[in-house]
Amino acid sequence: MTGREQGWAAGLSPTRSSQFLASRSWMRSCLATKHGVQPLQVPLEAPPGAPPQLSLGWGYLSLSHCADACLLGWSQQPIGVDLERSDRAIPSALALIHRFYTQSEQIQLMSLQTEQLRRQVLDRWLLKEAAIKWQRGSLAQDLRSWEVNSTLDSARHLGLNLQVAAQLRSVEKWRLGIVVGEKKNLQDCLLCLA
């Protein structure tokens with residue numbers, strides 16, 4: 001742990017401080033293995049509440065966590081990742097659809113039934129949130145602007161004319177959404193899950 005990270009942790013609640021220090025140590029360990037350096041040599045800038053960043057030339061990061069796991073995505077190009085439990089309940093799926101999904105997405109989703117609807121809402125949410133992290137945008141401002149295509153392999157921001165390649169993966173009991181600028185960059189992503 002760096003002195004800066006320990007200082008940031010000191011300003012957090014005991015539980016949050018422990019989580020913060022563990023996640024930064026874990027990120028450094030993953031990245032050190034990737035780059036063949038010692039963990040403290042990784043030029044990581046990751047204050048609480050801010051997206052993690054590496055120094056120029058070290059690649060791009062995206063971080064996501066849910067109740068029982070943490071996901072780190074790394075790429076030579078900007079990347080966004082999101083993580084949820086694959087069995088996550090979505091009791092108000094219809095309300096979410098009407099509030100955060102585009103007209104086109106609503107049309108596609110409204111014909112689906114119970115489990116299929118839950119899965120599609122979850123998958124699209126994963127990709128929307130990953131796209132917002134890729135964009136370095138705001139969940140509150142950009143969630144409704146990102147539209148995931150019907151095959152769930154790309155998304156576009158309706159207001160900013162941005163287009164990304166997207167991929168969904170399942171690992172044990174989790175579902176992962178990954179977004180990059182171009183489809184060819186999906187194969188070069190490194191993912192660490194803990």
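**Entry 1: helix α5**

I began with helix α5 and noted that 17 of its 22 residues are buried, so the helix is largely enclosed by the rest of the structure. I record here that the model is a predicted one. I then checked the length of α5: at 1.5 Å a residue, its 22 residues should span 32 Å, and the C-alpha atoms at its ends are 31 Å apart, which agrees. Just after α5 I found Arg136, whose phi is positive, near 65°.

**Entry 2: the five-stranded sheet**

I next looked up what α5 lies across, and found β5, β6, β7, β8 (162–171) and β9 (174–180). The helix runs at about 145° to β5. These five strands form an open sheet with antiparallel pairing, in the order β5-β9-β8-β7-β6. At the edges stand β5 (79–85) and β6 (146–148); each has a single partner strand, so one side of each is left without a neighbour in the sheet. I noted that the twist from one strand to the next averages 25°.

I then followed one edge in detail. Strand β6 pairs with β7 (residues 154–157) in the antiparallel sense, over three bridges. Within this pairing, Glu147 stands opposite Arg156 in β7.

**Entry 3: helix α3**

Which residues of helix α3 are buried? In this helix, residues 93–100, I found Ala93, Ile97 and Phe100 to be buried. Seen down the axis of α3, these buried residues fall within an arc of 105°, so they line one face of the helix. This fits a general point: an α-helix has 3.6 residues a turn, so residues three or four places apart point the same way. I looked up the packing partners of the buried residues of α3 and found α4 (103–109) and α5 (114–135).

I took Ala93, in α3, as a closer example. Its relative accessibility is 9%, and because buried means under 20%, Ala93 counts as buried. Leaving aside residues up to four places away in sequence, Ala93 touches Leu117 and Val121. I also looked at Arg118, 25 residues from Ala93 along the chain; the C-alpha atoms of the two are separated by 6.7 Å.

**Entry 4: the three-stranded sheet**

I turned to a second open sheet, in which three strands are ordered β3-β4-β10 with antiparallel pairing. Its edge strands are β3 (60–66) and β10 (190–193), each of which pairs on one side only. Neighbouring strands here are turned by 15° against each other on average, direction ignored. I found seven bridges between β3 and β4 (residues 69–75), in the antiparallel sense. For His65, the bridge partner in β4 is Cys70. Helix α2 (residues 14–35) lies across β3, β4 and β10, and runs at about 35° to β4.

**Entry 5: cysteines**

How many disulfides does the model hold? With a cut-off of 2.5 Å between cysteine sulfur atoms, I counted zero disulfides. I checked Cys30, whose closest cysteine sulfur is that of Cys192; the distance is 3.1 Å, too far for a bond. Cys70 is in no disulfide either, and the nearest cysteine sulfur, in Cys66, is 8.7 Å away.

Lastly I asked whether these cysteines are buried or exposed. At 13% relative accessibility, Cys30 counts as buried. Cys70, at 12%, also counts as buried.

Definitions and conventions
Residues numbered from 1 in each chain as written. Predicted model: local features only at pLDDT ≥ 70, side-chain atom pairs only at ≥ 80, totals over all residues. Heavy atoms only, no water. Buried < 20%, exposed > 50% of the residue type's maximum accessible area, 1.4 Å probe, protein only. Helix = DSSP H or I, 4+ residues; strand = E, 2+ residues; numbered from the N terminus. Arc of directions from axis to C-beta. Contact = heavy atoms within 4.5 Å. Pairing = 2+ DSSP bridges. Axes fitted to C-alpha atoms, helices over the stretch in contact; angles between N-to-C directions. Expected span 1.5 Å × (residues − 1).
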